[in-house]
Amino acid sequence: MHILVISQYFWPENFRINDLVSDFVERGHRVTVLTGVPNYPEGRVFDDYQKTPSAFLSYLGARVIRVPMTARGSGAISLLLNYFTYALSASLLGSWRLRRESIDVIFVYEPSPVTVGIPGALMRRLLGAPLVFWVLDLWPETLKAVGVIQSRSGLGLVALLVRWIYRRCDLILAQSKSFIPQIRAYSDLSKRVEYFPSWAESLFGAGFEASAAPEVPSQSGAFTVMFAGNIGEAQDFPSILNAAELLSASHPHIRWIIVGDGRLGDWVSQEVKRRNLESNVFLLGRFPVERMPSFFRSADALLVTLKSEPIFSMTIPGKLQSYLASGKPIVAMLDGEGARLLQESGAGIAAPSGDAAKLAAAVVSVSEMPEPERALMGRNGAELYAQEFERNTLLDRLELWMKQLAVNYQANRE
């Protein structure tokens, strides 16, 4: 098949779509990626790309078409401009660049924003190919939850856009089972919606071989809680810092290692200094995904959090699969589906979203467990990953769906 992948984010940015594209190529498919210029999460275009943009026009055998767009910047207005300039540029310039291409199936990757579906819907009509839309973030619910849009009229306009996009899809993939009713509320009831969760990149695994990351400060007797990923509004860093502050005096051996970057990175750094948490909370910055196993090896427990909002209770955080695959115990501050998975599997302890005191108690509980109990938690997580999120099983399923769509779509056109 010739697969057109439409994604606002792509290599050298670290997203799971990179792994999916490499798998498509390994399976013998021809892949074209329509994306923008790399600027996530810093909000400015990567220096390496600015120096030699021609070096970023292919990826492991996939052709990459990049269109101009406004960088994310640091404010809400620049972020909205980033969303809409990519959608406009991909729709207009992308359509021109791809107008003579023979495409079998279009795959749209939507962690956020949903506006990435605009060029997807237009390409479906222009190229005469079925559209697969992978929903990892629900709009307009997420916009309301993180405070980007609060007005009823603004949210209503976004809902109309979501409905317009969903009704032009041939297959909608939901990253959690809780997403499916929400998606159906905006789409035509005849539209096909399937549960399709994320997976961990193949470099993760309960038996992965990696030495401890040298960037993690050595500290005898320390219990290391590690957060890896985006430092953003949805991750509720105020509550994380509140939990760290609660334990800073009574449990000074517990330290919090933050690996990643994001829009709230500067704020978190300032708060750590203001609260005198420099000896308990360490911000190490962003690293390539290939380095993550070495950081996970340095952790005693892995931390995943989301704000207390109805939409986030339906979400399985993308990092959870990598955490499970690593075979480490997990401490969470989550509601809903993510918390249920951890509790039922015995892979970790989940405190309610937004409850810093219970998060602190959960961290203390795991830190005081005998090592065999923590190891059992890790094994339970690896088993859950193998049962529900194993990469090859999921990608085999996706490939079959896409092949069937391409064949049926072509047959209906003839």
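The exercises below, each with a worked solution, concern a predicted model.

Residues are numbered from 1 along each chain as its sequence is written, and side-chain values use heavy atoms, with hydrogens and water left out. Because the model is predicted, local features need pLDDT of at least 70 and side-chain atom pairs count only at pLDDT 80 or more, while totals for chains, interfaces and linings use all residues.

**Exercise 1. Arginine 391 and helix 16**

Task: Establish where arginine 391 lies, whether it is buried or exposed, and what its side chain meets.

Solution: Begin with the secondary structure, in which helices (H or I, at least four residues) and strands (E, at least two) are DSSP runs numbered from the N terminus. Arginine 391 belongs to helix 16, which covers residues 391-413. Next comes accessibility, where buried means under 20% relative accessible area, exposed over 50% and partly exposed in between, with a 1.4 Å probe and protein chains only. Arginine 391 has a relative accessible area of 11% and is therefore buried. Its side chain forms a polar contact of 2.8 Å with the side chain of aspartate 19; such a contact is a pair of N or O atoms within 3.5 Å, where, within protein, one must be able to donate a hydrogen and the other to accept it, and residues adjacent in sequence count only if both atoms are side-chain atoms. With neighbours within four places in sequence left aside, the contacts of arginine 391 (heavy atoms within 4.5 Å) include Asp19, Asp23, Trp199 and Tyr385.

Now take the helix as a whole. Helix 16 has 23 residues and reaches 33 Å from its first C-alpha to its last, close to the 33 Å expected at 1.5 Å a residue, the expected span being 1.5 Å times one less than the number of residues. Its buried residues include Arg391, Leu394, Leu395, Leu398 and Met402. An α-helix has 3.6 residues a turn, so residues three or four places apart point the same way. At the start of helix 16, a side-chain oxygen of glutamate 390 comes to within 3.2 Å of the backbone nitrogen of asparagine 392.

**Exercise 2. The covering of helix 15**

Task: Which residues of helix 15 are buried, and which elements cover them?

Solution: Helix 15 (residues 371-388) has 18 residues and spans 26 Å from its first C-alpha to its last, close to the 26 Å expected. Its buried residues are Arg374, Met377, Gly378, Asn380, Gly381, Ala382, Leu384 and Tyr385. Among the elements that cover them are strand 9 (223-228), helix 12 (318-326), helix 14 (356-367) and helix 16. One of these buried residues, Tyr385, is also in contact with arginine 391.

**Exercise 3. Helix 6 against helix 7**

Task: How are helix 6 and helix 7 oriented to each other, and which residues make the contact?

Solution: The axes of helix 6 (residues 152-166) and helix 7 (residues 179-186) come within 8 Å and cross at roughly 90°; axes are lines fitted to C-alpha atoms, for helices over the stretch in contact, with angles from 0 to 180 degrees between N-to-C directions. The two helices are therefore roughly perpendicular, the class for 65 to 115 degrees. Helix 6 contributes Ala159, Val162, Arg163 and Tyr166, and helix 7 contributes Ile183, Ala185 and Tyr186.

**Exercise 4. Arginine 286 and a cis proline**

Task: Where does arginine 286 lie, and what does it touch?

Solution: Arginine 286 sits in the loop between strand 11 (281-285) and helix 10, and because its relative accessibility is 34%, it counts as partly exposed. Not counting residues up to four places away in sequence, arginine 286 touches Asn14, Pro41, Glu42, Phe46, Gly260 and Asp261. With glutamate 42 there is a side-chain polar contact of 2.5 Å. Proline 41, for its part, is joined to tyrosine 40 by a cis peptide bond with omega of about 5°, in the loop between strand 2 (30-35) and helix 2 (47-51).

**Exercise 5. Two positive phi angles**

Task: What are the phi values of leucine 60 and serine 112, and is each residue buried or exposed?

Solution: Leucine 60, in the loop between strand 3 (58-59) and strand 4 (62-66), has phi near 50°, a positive value in a residue other than glycine. At 57% relative accessibility, leucine 60 is exposed. Serine 112 lies in the loop between strand 5 (105-110) and helix 4 (117-127), and its phi is near 150°, again positive in a residue other than glycine. With a relative accessible area of 15%, serine 112 is buried.

Conventions
Parallel < 35°, antiparallel > 145°, perpendicular 65-115°, else oblique.
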